[in-house]
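Welcome! Here is a short tour for anyone meeting this structure for the first time. Take a look at the sequence and the model, then read on.

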Amino acid sequence: MGVKSQNRWKIRNWIFIIFLWSHPVTSQTNQNVLKLMNDIFTNYSSKVRPMISQERPLPLDVSFYLSSINEVSEVKEKLVTTGYIMLEWIDELLRWTPEDYNYTEMIFIPQNDIWKPDLVLKNGFKKFEELGGSFYYLAINYDGSVNWWPFHVFESRCAMDISRFPFDTQTCDIKFITWSHFVEQIEITKSSNGIQYYEYEENGVWDIVGTSSEIKKEQGESEVKFTLTLRRKPLYYVMNIILPVIFLGYLNILVFVIPVDAGEKMSFSVTVFLSFAVFLTIISTLLPTSSDNTPIISMYLIIQLIYGVIALIISAFQLRLHHRNETEEIPTFWIKVVQLQRKLRCKRTRKVDASDSNLKENEVQKIAKTCDDNREVTYVWNHVSTSIDFFAFWSFLITNIIITVTMFTVSALS
C-alpha cells in the first residue's frame with residue numbers, strides 16, 4: 001500500500017472518530033420515557049388551555065389531506081370525502097430538555113390524555129362528531145409542538161348549481177371551526193399546506209380542477225374553509241341520456257313522414273311522447289328538488305314534450321281533414337297552402353324542355369301542369385293533408401336542429 005493510500009485511511013479514521021465524538025449514539029429506554037412522562041404530566045391538566053399566559057390566543061395550524069371523493073349527491077346536495085386533518089399547535093406546558101432524558105426528543109400520547117382543540121366540521125351533513133378516536137395518538141416534540149392526524153369520512157353540505165347538467169362545475173366547501181372557543185382563545189392561522197393529496201384515488205364521475213383554503217374570523221369565531229372545485233365527467237350522461245333524447249326528438253318529426261292512410265300517425269306520436277315522459281322522470285330522480293335553477297336538459301325535454309303535443313294536435317286535425325267528404329269545397333287558404341307547397345317542391349325538380357327526347361310528351365305536360373299552372377290541378381283534401389305534412393316536417397326539423405345545437409353547445413362550452 002502506498003503512502004498516499006495510508007494517509008487517506010488515516011484521514012477517514014480521524015473524521016469518523018470526530019463524528020462519533022460530536023454525535024454520541026444514544027438509545028432511550030422505557031425508563032427514560034416513563035420518567036419523562038411522569039415529570040411533564042405531574043401538574044398537567046387536559047382541561048386547561050396549554051398557554052402560560054391565558055390572555056394570548058393559541059395559534060392552530062390546520063391542513064387537509066384528501067384521499068378520495070366518495071360521493072357527490074345532487075339530490076341530497078351532499079359531498080362525501082375521505083382524508084385526514086393535520087393539526088399543529090404549541091403546548092407550552094409540555095416542554096423538556098432532551099439531554100435530561102437520554103436525548104428523548106419525541107413521545108406519543110393518546111389523544112384524550114392531553115388538551116386538544118375542539119375542531120368540528122361546521123357544514124356537516126349530520127350531527128357534530130369528535131375528530132379522531134380513543135385509539136389515536138398525538139406526537140409531542142420536546143419544544144412543545146403537538147401534531148395530530150385524525151382520519152375521517154367527512155360528509156358536508158354542498159349547494160349544487162345544476163343548470164348546465166351534465167356539463168356542470170360545482171364548488172364545494174369543507175368548513176372547520178373551533179366550536180366552544182372564541183378567536184381570543186384559539187386562532188386558526190393560515191393553513192401551511194392547504195389541501196394536499198394522500199394516496200388519492202380518482203373519482204369515476206368528478207375531476208378536481210382546483211383547490212384553495214381560506215381563514216375567516218367573523219363574530220368572534222375562527223374558521224378555516226377548504227374549497228374543492230369539481231368538474232363532472234359527462235361521457236356517461238351523454239351516452240345514456242342526451243343522445244337517446246336527441247334521437248327521440250328526431251323520431252318525433254317522422255310522424256309527418258308516415259302517410260295518413262297508414263293509420264299509424266297518432267299511435268306513433270303518442271309512443272314518442274310517452275318516451276319523453278319516461279326520460280323526464282329518470283332525470284328528475286338524478287337532480288335536487290329546487291326552484292332556483294333548472295337544468296338545460298330538463299328544459300330541452302319540456303320543449304320536446306311541447307313538440308309532441310303539437311304533433312299530436314296537427315296529426316288529429318290532419319286526419320280530420322283527410323277524411324272529409326270530397327264534395328266539400330276546399331277553402332281558398334288551403335288551396336294557397338297546397339300551391340305554395342307544390343312551388344317549393346318544384347324548385348327542387350330539375351328543369352325540363354319539351355324538346356328533351358328522353359321524356360315522353362305526356363310526362364312533359366304533367367310536369368308543366370304541376371309546376372307552372374296550378375289552376376289546371378284539381379285539388380282534393382288529400383292534397384291538403386300532404387301539404388300539412390310537408391310544412392310541419394320542415395318546420396319541426398329546422399327548429400329542432402337550431403334548439404339542439406344552441407342549447408347543448410352553449411351548455412358544453414360555457
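Let's begin with one helix: α4, covering residues 265–286, is built from 22 residues and spans 33 Å between its first and last C-alpha, close to the 32 Å expected at 1.5 Å a residue. Please keep in mind that this is a predicted model. From α4 we can move out to the whole protein, its cores and its disulfide.

**Helix α4 and its neighbours**
- Six names are worth finding along α4, since its buried residues are K265, S269, V272, F276, F279 and I283.
- Why do they sit on the same side of α4? Their directions cover an arc of only 85° around the axis, and this places them together on that side of α4.
- A general rule helps here: an α-helix has 3.6 residues a turn, so residues three or four places apart point the same way.
- What do the buried residues of α4 pack against? Their partners are three helices, namely α3 (235–253), α5 (296–322) and α8 (381–413).

**The protein as a whole**
- Eight helices and twelve strands make up the list of elements in the protein.
- The protein has 414 residues, and 41% of them count as buried.
- Among contacts with a separation of 6 or more, 77% come from residues 24 or more positions apart.
- About 24000 Å² of the protein is accessible surface, and carbon and sulfur atoms hold 57% of that area.

**The nonpolar cores**
- The largest nonpolar core counts 65 residues, and V62, L79, W89 and F176 have the most contacts inside it.
- F176 is a good residue to zoom in on: beyond its neighbours within four places in sequence, its contacts include I85, L119, V120, L121, F154 and I188.
- The contacts of F176 also include K122, S222, E223, V224 and F226.
- Apart from the largest core lies another one, of nine residues, including I253, F256, Y307 and A392.

**The disulfide**
- How many disulfides does the structure hold? There is one, and it is formed by C158 and C172, with their sulfur atoms 1.9 Å apart.
- The torsion about the S-S bond of C158 and C172 is about -75°, so this disulfide is left-handed.
- The pair links distant parts of the chain, 14 residues apart: C158 lies in the loop between β7 (151–157) and β8 (169–178), while C172 belongs to strand β8.
- Are these cysteines buried or exposed? Both C158 and C172 are buried.

Conventions:
Residues numbered from 1 in each chain as written. Predicted model: local features only at pLDDT ≥ 70, side-chain atom pairs only at ≥ 80, totals over all residues. Heavy atoms only, no water. Helix = DSSP H or I, 4+ residues; strand = E, 2+ residues; numbered from the N terminus. Expected span 1.5 Å × (residues − 1). Buried < 20%, exposed > 50% of the residue type's maximum accessible area, 1.4 Å probe, protein only. Arc of directions from axis to C-beta. Contact = heavy atoms within 4.5 Å. Core = buried A, V, L, I, M, F, W, Y, C linked by side-chain atoms within 4.5 Å. Areas by Shrake-Rupley, 256 points an atom, 1.4 Å probe, with all protein chains shown as cover. Disulfide = S-S within 2.5 Å.
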